[in-house]
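Student: Could you give me a close look at the enclosed space in this model? Please state the cut-offs as you go, then place that part in the wider chain.

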Amino acid sequence: MIGKKQNFTLIELLVVIAIIAILASMLLPSLNKARIAAHRAACQTNLKQISMGMMLYVDDYNDYYAPYKVDYGGTNNYWRWTTRLVKDYNLGGMNFMCPGRPDIMIGGVSVRGLWKKAKKYQPAATAYFWAYSSYGYNAFYVGDDWFFASVPRPAPAKISQIAKSSSLVMFGESGSTDRNDPRFVNAGSYVIYPYPYSPGSGAVVRPVHGRQCVLAWADGHATSITADSEDAELGMKSLYTTPKLGKGSDASNSWTRTGKRSWP
């Protein structure tokens, strides 16, 4: 004889819910770590693509790296290196966007959405999204030489000037100089500076994937370095130290063309 169908009691239902909650709490950290690792891997791929695009530029321009920006005059002639690689070297706009960063909204417009259609936009100074790349360029000592600041600006580095290409920072995950503005807390910058500037003073390399920051070096390889904190500002400051990015001596400075100029 078939017995009557038994319904869950309230206590049994609560037990099942509790078990599900426990399992979820055990799995979520692993899932989060996997997501962070996937985003970091995507950024390494993006930076390798960007490095390849830069080397194509170097081949076309007598072994000179691209300037970090050029003002040719006129409304539509303010070119950043990001613009150059997208327009002339067939990089997609999303190569310049970290998939793990929140979108930035400016005037109700999605910056990520603009990058998705980057090829259609002119490089005008008013096309602000070109400056908000997730990855910055070593503007001080490769895309320019601010150590010998002058007007007109000095030429970018030539490939023959790169003494230690495997230890020269070329590109890195970046934080905007405007990151003290709530709109730009998670924004990147198209340039990175070799000093730990405070918000409002300069763009910096910063941890993005937990405590990890992905960098591309002048020889084209990409690696990640570990900050001491997941906090953007504290983590950023810890990256600008001798064991991580090099500082203060000829042997450890990983920012300059020659590898021999110490920081002021």
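Tutor: The largest cavity has a volume of about 80 Å³. Of the 13 residues that line it, Met 97, Arg 101, Pro 102, Ile 104 and Ser 134 are the closest to its centre. A cavity here is a set of points on a 1 Å grid, over the protein atoms alone, where a 1.4 Å probe fits but cannot get out; a lining residue has an atom within 4 Å of a point. The volume is the space filled by probe spheres set on the points, which are joined across faces, edges and corners.

Some ground rules come next. This is a predicted model, so local features need pLDDT of at least 70 and side-chain atom pairs count only at pLDDT 80 or more, while totals for chains, interfaces and linings use all residues. Residues are numbered from 1 along each chain as its sequence is written, and side-chain values use heavy atoms, leaving out hydrogens and water.

Back to the largest cavity. Its lining splits into six nonpolar, four polar and three charged residues. The nonpolar class is Ala, Val, Leu, Ile, Met, Phe, Trp, Tyr, Cys and Pro; Asp, Glu, Lys and Arg are charged; the others, Gly among them, are polar.

The structure holds two cavities of 30 Å³ or more. The second largest contains about 40 Å³ of space. Ala 66, Pro 67, Lys 69, Val 70, Trp 79, Arg 80, Trp 81 and Arg 84 line it. By class, that makes five nonpolar and three charged residues, with no polar ones. Strand S1 (69-71), strand S2 (78-80) and helix H2 (81-88) each give at least two residues to this lining. Such elements are DSSP runs numbered from the N terminus: helices are H or I with at least four residues, strands are E with at least two.

H2 deserves a second look. It is mostly covered, with six of its eight residues buried. Buried means under 20% relative accessible area, exposed over 50%, and partly exposed in between (1.4 Å probe, protein chains only). The buried six are Trp 81, Thr 82, Thr 83, Arg 84, Leu 85 and Val 86. Trp 81 and Arg 84 therefore have two roles here: both line the second largest cavity, and both are buried by the stated cut-off. After H2 comes Asn 90, with a positive phi near 60°.

On the other side of S1, look at the loop between helix H1 (10-60) and S1, which holds Asn 62. Asn 62 is not a glycine, yet its phi is positive, about 55°. It is exposed, because its relative accessible area is 60%. Asp 63 sits in the loop between H1 and S1 too. Its phi is also positive, near 75°. At 33% relative accessibility, Asp 63 counts as partly exposed.

Now compare the open space. A pocket is an open set of grid points with protein on both sides within 12 Å along at least five of seven lines. The largest pocket has a volume of about 270 Å³. It is lined by 14 residues; Ile 36, Gly 100, Val 208, His 209 and Gly 210 lie nearest its centre. Its lining has four nonpolar, five polar and five charged residues.

One loop residue is worth a stop. Ser 176 lies between strand S6 (169-175) and strand S7 (191-192). It counts as buried because its relative accessibility is 3%. A polar atom of its side chain lies 2.9 Å from the backbone nitrogen of Asp 178. Leaving aside residues up to four places away in sequence, Ser 176 touches Tyr 132, Phe 184, Ala 187, Gly 188, Ser 189, Gly 202 and Ala 203. Contact means heavy atoms within 4.5 Å.

Finally, the whole chain. It has four helices and ten strands. Along the sequence the pattern reads α-β-β-α-β-β-α-β-β-β-β-β-β-α. Of its 264 residues, 43% count as buried. Among contacts with a separation of 6 or more, 63% join residues 24 or more positions apart. The chain exposes about 13,500 Å², and carbon and sulfur atoms supply 58% of that. These areas come from the Shrake-Rupley method with a 1.4 Å probe; for residues, only the protein chains shown count as cover.

Key
Polar contact = N/O pair within 3.5 Å; in protein donor to acceptor, adjacent residues only side chain to side chain.
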